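Work through the exercises below with the structure open beside you. Try each task before reading its solution.

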Amino acid sequence: MKKLISITLTIIMVLSAFTVIPTASAKDKEYKSKNCIYTLNSKGEATVVSNYYKGDYWKTPSYWKIPSKLDGHKVVKIAIKTDDDMVILHDNIVKIKIPNSVKSITKSLKTFVKLQRRGFYGDDNDVMIVCSKNSFAHKYAIKNKINYIISGKTYGDLYSLWHHYGYRLNNSKNDSAYILPTMVYTSKSIKPSFKIMKGDFKLKEGRDFVVENLNNYAVGNASVLVKGRGNFWGEIILDFTIIPAQARITSLEISGVDSVKCKYKSNDFNSPPKMIQYSTDSSFKTKKCLTTTKYFGQTVTGLEPGKTYYFRVANYIDTQHLSVGYSKKDKDYYVYMSGLKRYYGKWSEVKSITL
């Protein structure tokens, strides 16, 4: 009798185990968790298949967070379905967080990345792996040239850090903050100072990135190329403007009952054209302007005797509105012009004279 009871209990325990962990025969059966679909092997280990069923069939989350366990089962593999129907329709980059428990990723993920880059309507989409440093997923991403970010750290692609992780110039909150401070022409290549940072964390030049010159010499639009190093890679282009050097008034001389000769000098740039402003109001709320190409001075006529006039001057340069880009594919620079634009230097100090 005792032997019969023991055998019965053993059978019940075995049947209970089979209800918790599917057998190898269930390997093709798909199970639904909160965020994804997965299958189980005979050991009860999970293989993530996809996450397309969440919400609308045609729209998946832009950040797919794969857990290390699904319903208590360890996630060991990723095998994403790669039908054309699985192409994600996001305009932005799609991030897939891969836990350290994953030790196998089929080539389907690489195919999935290609589908996403192609885009359902030809959009410029992409996929980025979020993983731990030196993990299987990290090595997989490097081998298959997939963008990645080290989870919980600040390592990664400069472009992705900039657009998706809140890195900015000098902690700016502007999403399009590619613009560096305006610089003054020096007759040499100009390298603006800047910080790439998020909160208190700051990337270090030389260790985390290097700066290469693009067009950063002449007055007008200028750019520098920032290229990642070490734990960082990729590149971003930072733009700034170079303006003419500041001019100064050397003297104001009465040259007639209604005229004043304004003499000036440029600190640099070999005396470019000048904008002269004059007014009877020291704040220049009402003013008159004239431009001149004379090197050292210009006579201003039509003034009223007995009144005090205030003068200021500024250098200006008319140049092509130049834009610069960088092609990763061709490893080459490209430029294009888009018409003339006038760039002014800073105003000189104000000087006054009474006729």
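Four short exercises follow, on a model that is predicted.

**Exercise 1.** Find which strands stand at the edges of the open sheet β12-β14-β15.

*Solution.* Start with the order. Three strands form this sheet, β12-β14-β15, with antiparallel pairing. Next, count partners. β12 (168-169) and β15 (201-202) each have a single partner strand, so one side of each lacks a neighbour in the sheet. These two are the edges. Now look at one pairing. β14 (residues 196-198) meets β15 over two bridges, in the antiparallel sense. Methionine 197 has lysine 202, in β15, as its bridge partner.

**Exercise 2.** Decide whether asparagine 221 is buried or exposed, and find its side-chain contact.

*Solution.* Locate asparagine 221 in strand β17 (residues 220-228). Its relative accessible area is 18%. Buried means under 20%. Asparagine 221 is therefore buried. Its side chain makes a polar contact with the side chain of tyrosine 343, at 2.9 Å.

**Exercise 3.** Classify the aromatic pair of tyrosine 278 and phenylalanine 311.

*Solution.* The model has seven aromatic pairs. In this one, the centres are 5.7 Å apart and the planes make an angle of 25°. Planes under 30 degrees apart count as stacked. The pair is stacked. It links distant parts of the chain: tyrosine 278 is in β22 (residues 274-279), phenylalanine 311 is in β25 (residues 308-327), and 33 residues separate them. Both count as buried: tyrosine 278 at 11%, phenylalanine 311 at 0% relative accessibility.

**Exercise 4.** Find which rings arginine 312 lies over.

*Solution.* Take phenylalanine 284 first. The charged end of arginine 312 sits over its ring, 4.1 Å from the centre. Then turn to tryptophan 347. Arginine 312 lies over its face, at 4.6 Å from the ring centre.

Note on methods. Residues are numbered from 1 along each chain as its sequence is written. This is a predicted model: local features need pLDDT of at least 70, side-chain atom pairs count only at pLDDT 80 or more; totals for chains, interfaces and linings use all residues. Side-chain values use heavy atoms; hydrogens and water are left out. Two strands pair if DSSP finds at least two bridges between them. Helices (H or I, at least four residues) and strands (E, at least two) are DSSP runs, numbered from the N terminus. Buried means under 20% relative accessible area, exposed over 50%, partly exposed in between (1.4 Å probe, protein chains only). A polar contact is a pair of N or O atoms within 3.5 Å; within protein, one must be able to donate a hydrogen and the other to accept it, and residues adjacent in sequence count only if both atoms are side-chain atoms. Rings of Phe, Tyr and Trp (its six-membered ring) pair if their centres lie within 6.5 Å; planes under 30 degrees apart count as stacked, over 60 as edge-to-face and the rest as tilted. A charge sits over a ring if NZ of Lys or CZ of Arg is within 6 Å of the ring centre and within 35 degrees of the ring normal.
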